[in-house]
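Student: Hi! I'm new to this one and would love a friendly walk through it. Could you help me find my way around?

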Amino acid sequence: MSNPFVQIVEPLDPKQPLKKFFNLSKLEDVRYARLPFSIRVLLEAAIRNCDEFLVKKEDVENILNWKVVQHKNVEVPFKPARVILQDFTGVPAVVDFAAMRDAVKKLGGDPEKINPICPADLVIDHSIQVDFNRRSDSLQKNQDLEFERNKERFEFLKWGSQAFKNMRIIPPGSGIIHQVNLEYLARVVMDQDGYYYPDSVVGTDSHTTMIDGLGVLGWGVGGIEAEAVMLGQPISMVLPEVVGYKLVGNPQQLVTSTDIVLTITKHLRQVGVVGKFVEFFGPGVAQLSIADRATIANMCPEYGATAAYFPVDDISIGYLIQTGRDNEKVMCTKKYLEAVGMLRDFKNSSQDPDFTQVVELDLHTVVPCCSGPKRPQDKVAVSDMKNDFETCLGAKQGFKGFQIAPDRHNSIVKFNFEGCDFELAHGSVVIAAITSCTNTSNPSVMLGAGLLAKKAVEAGLTVKPYIKTSLSPGSGVVTYYLRESGVMSYLSQLGFDVVGYGCMTCIGNSGPLPESVVEAITQGDLVAVGVLSGNRNFEGRVHPNTRANYLASPPLVIAYAIAGTVRIDFEKEPLGINASGKKIFLKDIWPTRNEIQAVERQFVIPGMFKEVYQKIETVNKAWNALDAPSDKLYTWNPKSTYIKSPPFFDGLTLALQTPKTIEDAYVLLSFGDSVTTDHISPAGNIARNSPAARYLTSRGLTPREFNSYGSRRGNDAVMARGTFANIRLVNKFIDKQGPQTIHFPSGETLDVFDAAERYKQAGHPLIVLAGKEYGAGSSRDWAAKGPFLLGVKAVIAESYERIHRSNLVGMGVIPLQYLPGEDAATLGLTGRERYTIIIPEILKPQMNVQIKV
């Protein structure tokens, strides 16, 4: 490759053949050294991959001069080293690949050319549900039920692992995708085909950014983008602005990494970082472990950035050793990074890059907090939780309001559970889950929860039996060190038994609540609460019966479970009273950072990681026993309700179709702000009165066999019916929450799918109107595929989240944005009009189009 950036240097190991690698920072031009480290990785990936996609020569000067390039639309083609998928997004990707092979064969091509070019790892972690809890065999029973429900999906994925090269499947029961990536899959530096180069990754899950905490540049993309990358296409992106987030000071003794990330999430939402990189620097970074950094990077989608990058430093190198990576490879990684000037010393301010913008946080100012009740950016200090919740009860319906009448704020409903009488009220905790990759990947908060549980049990505290408690670690390593450190038995005594290795409650796989609890909530129209150590608490996501959901650290999840309510001031009110009549306060059992770190140093050791991960691909006997077909083309089963050939490639031609004007479209739905991908394409429970339920019933299934929307993403008939099926959907055409809309030609109120079908049969195109942040949340491609199948041709919104906009483009649904200062209200649009959108034959990014109303 003839490029001024490419250097050949001496081999790192004389015993190895000469290694070529890209040495951007050895340029004489000192301006390069001022680039953010994340941009260096991005440029190395662009330059490494292929000549025809190199940065244009006329742009080189701009790229070196960061202060110039950040104001120019310089496009960089990013070809990541790896792709990572989970099963909810991976199944539709493999379904698409199988259908593509059929289409290519019909067109006379070689179907085996449809194959991943770069390594692709698919981790099965989204299927398991909390059906069983508070029993010693919960893990096995949940895993058995997972296989019973999902055997057909698993057989299909196993076929894919055999039919496609470069695709590895990590079986169910192994852990959560991002934690497995952090602890096992990530390389940090790739050593491949005679080259060293920085590891980079895109994934079909928005929390792929977690790996940024280890210095691997990565972010979530839509399934459609991921498929393109797997087939060898680059992601073309405008070189992003980079916000430097400076961390200074030391965290207080009672503060956890969860508190830090919830504080940062609120701060960066206020700063506004959508479409930007965030890069962390400053002496405070050196105070954070890799697990702490990964926690902060994991919640990047919640503050809206594309990436949340922590450059590699000596702590990163130490983590690779701690997690059992090969010592020789780790040393080569360090030498390579030193040679190219990409090993960071956060205490050396002379290494600080030039950023677009710098914001700062003093870690000492962070206090224990939660986020909720409906959005992750709505941080609430723990000391304010009681007052905040009570304010939300009476506030107008919205992100911070439930509009409960004042005379009902203290309503109490009595109920019986397992022969004992209990009471529920507004604010009662009914779900308490230590869950998700965000926190279970972090030994400090997991051991903190274990130590708190130990002190709570020793103090005589318990958790009410009707509260659905669960512990779903991100990998087997967590169980290993909880058991070895002696805290696992105390967690179990409080009801936090291991129920599975997967996302579970965090993605809505929380399983059923006891019937008597549901009846009490319904009878009193109560605002019941879920408290979880997850990353998202959007409406309708965690459980249909928990209207308020709070994100919290694992120790706080246990504390609120013991209290049984969020209407408690921990500083003034006791968690409980033990058998001796003694009041026990939270401060009496809360472990300090020093206590936790001492246990972590002793029990989180390399041998654990090696033992768990050396058998990760073979340990699941049920997976090993699956009998999958070996044909290169998939044989579709017309009776299947899980796997179905999608219609996206029907009628495919070699010639590209030209775009067409959208004429006289009706508005299917009209939304306000912050409509998430959970609203558009829910992942959890399939309601028994929904169009998807009616379809499955017509195919002979009982409600027990419905499974979840996420598990059925390989079947477009279910997913189209599940589009806009969230029970908390707020459509301006309807005066109550629910998945319905008005069919304007008839004036009838119908389920969204049924209305769309009527429009489609009459030949009417559809559009959607929305406010700000349309498509926030998970990177699910069905949030674009579903509207496409309903006949939606365009969305008009004030702003979009990046991944969803890309997915809409990938499906040919046009994401239109109002001009600055305009929205539906300023233009006088009600959504009851009909719209003609003039689409020119030649389309350009950011061009204006004409809409006739």
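Student: Let's jump in with Lys246. What is its bridge partner in strand 15?

Tutor: That partner is Glu360. One thing to keep in mind as we go: this is a predicted model. Lys246 belongs to a pairing in which strand 12 (residues 242-248) and strand 15 run parallel, joined by six bridges.

Student: What order do the strands of that sheet have?

Tutor: The order is 14-13-12-15, in an open sheet of four strands with parallel pairing. Strand 14 (307-309) and strand 15 (357-362) are at the edges, and each has a single partner strand, so one side of each is left without a neighbour in the sheet. From one strand to the next, the twist averages 20°.

Student: Which strands does helix 8 lie across?

Tutor: Helix 8 (residues 257-271) lies across strand 12, strand 13 (277-281) and strand 15. Against strand 15 it runs at about 150°.

Student: Now the six-stranded sheet. What is its order?

Tutor: That open sheet reads 31-30-29-26-32-33, and its pairing is mixed. At the edges you find strand 31 (814-817) and strand 33 (850-852); each has a single partner strand, so one side of each lacks a neighbour in the sheet. On average, neighbouring strands here are turned by 35° against each other, direction ignored.

Student: How many bridges join strand 26 to strand 29?

Tutor: Four, and the two strands, residues 662-670 and residues 766-769, run parallel. Within that pairing, Val667 has Ile767 of strand 29 as its bridge partner. Helix 27 (residues 752-761) packs on the sheet and touches both strand 26 and strand 29. Its direction makes about 170° with that of strand 26.

Student: Switching topic: which residues touch the most other members of the largest nonpolar core?

Tutor: Phe280, Tyr560 and Tyr774 do, in a core of 263 residues. Helix 4 (residues 87-106) gives the most to this core, with ten residues. Apart from it there is another core, of eleven residues, including Ala693, Tyr695, Phe706 and Ala717.

Student: Why would nonpolar side chains be found together like that?

Tutor: In soluble globular proteins, they tend to be buried together.

Student: What does Tyr774 touch, then?

Tutor: Leaving out residues up to four places away in sequence, Tyr774 touches a list that includes Phe671, Val675, Ile680, Phe724 and His804.

Student: And Tyr560, which helix has that one among its buried residues?

Tutor: Helix 19 does; its buried residues also include Pro554, Leu556 and Ile562. This helix (residues 554-563) is mostly covered, with ten of its ten residues buried. Gly564 follows helix 19 and has a positive phi, near 80°.

Student: How do helix 16 and helix 22 cross?

Tutor: Their axes come within 9 Å and cross at roughly 135°. That angle makes helix 16 oblique to helix 22. The crossing is right-handed. Among the residues making the contact are Tyr480 and Tyr481 of helix 16, along with Phe609 and Val612 of helix 22.

Student: Okay, strand 9. Which way do its residues point?

Tutor: Ser200 and Val202 point one way, Val201 and Gly203 the other way, and all are buried. Strand 9 runs parallel to strand 4 (residues 82-86), with three bridges joining them. In that pairing, Val83 stands opposite Val202. Strand 9 also pairs with strand 10 (residues 217-220) in the parallel sense, over four bridges. There, Val201 stands opposite Gly218.

Student: Any backbone oddities? Which residues does a cis peptide bond join?

Tutor: Gly372 and Pro373, with omega about 15°. Pro373 sits in the loop between strand 16 (369-371) and strand 17 (379-381). For background, most peptide bonds are trans, and most residues other than glycine have a negative phi.

Student: What is phi of Asn166?

Tutor: Phi of Asn166 is near 65°, a positive value in a residue other than glycine. Asn166 is in the loop between helix 5 and strand 6 (167-170). Met504 also has a positive phi, near 50°, and its place is in the loop between helix 17 (488-493) and helix 18 (515-524).

Student: Is Met504 buried or exposed? And what about Asn166?

Tutor: Met504 is buried, because its relative accessible area is 0%. Asn166 counts as partly exposed, at 40% relative accessibility.

Note on methods
Residues numbered from 1 in each chain as written. Predicted model: local features only at pLDDT ≥ 70, side-chain atom pairs only at ≥ 80, totals over all residues. Heavy atoms only, no water. Core = buried A, V, L, I, M, F, W, Y, C linked by side-chain atoms within 4.5 Å. Buried < 20%, exposed > 50% of the residue type's maximum accessible area, 1.4 Å probe, protein only. Contact = heavy atoms within 4.5 Å. Pairing = 2+ DSSP bridges. Axes fitted to C-alpha atoms, helices over the stretch in contact; angles between N-to-C directions. Parallel < 35°, antiparallel > 145°, perpendicular 65-115°, else oblique. Left-handed = near helix turned anticlockwise from the far one by under 90°.
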